Amino acid sequence: MKINIKKVSEILDSGLSMAQRGILITILLMKDSTPKLTLAKCKASLNFVTHREDLVYLHEKGFISWSGVELDKKK
């Protein structure tokens, strides 16, 4: 998982819910140079079952890049 925002102010996008903003902040704070490590850290902190729809939305809107999005959409 990789965060694609260029400025922190993008997190304040009015189209995002508070949960989605929180997810982006969590990913930003856990950002590592290796996206796989960032994903591992996020899995330890975020409940992917609870936040699945938000993560898919953030991926589709280009806020994050997530290689597992297609697998999660099937679930």
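At 8% relative accessibility, Ile3 counts as buried, and this residue is a handy place to start a tour of the structure. Please keep in mind that the model is predicted. From Ile3 we can move to helix 1 and its partner helix 3, then to a salt bridge, and finally to a couple of exposed side chains.

**Ile3 and its surroundings**
- Ile3 belongs to strand 1, which covers residues 2-3.
- Setting aside residues up to four places away in sequence, Ile3 touches Leu24, Ile27, Leu28, Lys31, Phe63 and Ile64.
- One of these partners, Phe63, is 60 residues away from Ile3 in sequence, yet the two C-alpha atoms are 6.2 Å apart in space.
- Ile3 counts as buried because its relative accessibility of 8% falls under the 20% cut-off.

**Gln20, a buried residue in helix 1**
- Helix 1 spans residues 18-29, and Gln20 is found in it.
- Is Gln20 buried or exposed? With a relative accessible area of 7%, Gln20 is buried.
- A polar atom of the Gln20 side chain lies 2.9 Å from the backbone nitrogen of Ser17.
- Not counting residues up to four places away in sequence, Gln20 touches Gly15, Asp54, Tyr57 and Leu58.

**Where helix 1 meets helix 3**
- Helix 3 covers residues 52-60, and its axis comes within 10 Å of the axis of helix 1, the two crossing at roughly 75°.
- That crossing angle makes helix 1 roughly perpendicular to helix 3.
- Which residues make the contact? Helix 1 supplies Ala19, Gln20, Ile23 and Leu24, while helix 3 supplies Asp54, Leu55, Tyr57 and Leu58.
- By type, the residues of this contact between helix 1 and helix 3 divide into six nonpolar, one polar and one charged.
- Within helix 3, the residues Asp54, Leu55, Val56 and Leu58 are buried.
- After helix 3 comes Gly62, which has a positive phi, near 85°.

**The salt bridge**
- How many salt bridges does the structure hold? There is one.
- Its partners are the side chains of Asp32 and Lys41, which meet at 3.1 Å, N to O.
- Side chains of opposite charge can pair when their charged atoms come close.
- Asp32 is partly exposed, with a relative accessible area of 24%.
- Lys41 also counts as partly exposed, at 35% relative accessibility.

**Lys31, in the loop after helix 1**
- Lys31 sits in the loop between helix 1 and helix 2, the latter being residues 35-45.
- Lys31 is exposed, with a relative accessible area of 56%; it earns that label because exposed means over 50%.
- Apart from neighbours within four places in sequence, Lys31 is in contact with Ile3 and Thr38, which brings us back to the residue we started from.
- Lys31 and Lys41 are ten residues apart along the chain, and their C-alpha atoms are separated by 8.7 Å.

**Glu53, an exposed residue in helix 3**
- Glu53 has its place in helix 3.
- With a relative accessible area of 70%, Glu53 is exposed, whereas Asp54 of helix 3 is buried.
- Glu53 and Ser67 are 14 residues apart in sequence, and their C-alpha atoms are 15 Å apart in space.

Notes: Residues are numbered from 1 along each chain as its sequence is written. This is a predicted model: local features need pLDDT of at least 70, side-chain atom pairs count only at pLDDT 80 or more; totals for chains, interfaces and linings use all residues. Side-chain values use heavy atoms; hydrogens and water are left out. Helices (H or I, at least four residues) and strands (E, at least two) are DSSP runs, numbered from the N terminus. Buried means under 20% relative accessible area, exposed over 50%, partly exposed in between (1.4 Å probe, protein chains only). A polar contact is a pair of N or O atoms within 3.5 Å; within protein, one must be able to donate a hydrogen and the other to accept it, and residues adjacent in sequence count only if both atoms are side-chain atoms. Contact means heavy atoms within 4.5 Å. Axes are lines fitted to C-alpha atoms, for helices over the stretch in contact, and angles run from 0 to 180 degrees between N-to-C directions. Angles under 35 degrees count as roughly parallel, over 145 as roughly antiparallel, 65 to 115 as roughly perpendicular and the rest as oblique. Ala, Val, Leu, Ile, Met, Phe, Trp, Tyr, Cys and Pro count as nonpolar, Asp, Glu, Lys and Arg as charged, and the others, Gly among them, as polar. A salt bridge is a side-chain nitrogen of Lys or Arg within 4 Å of a carboxyl oxygen of Asp or Glu.
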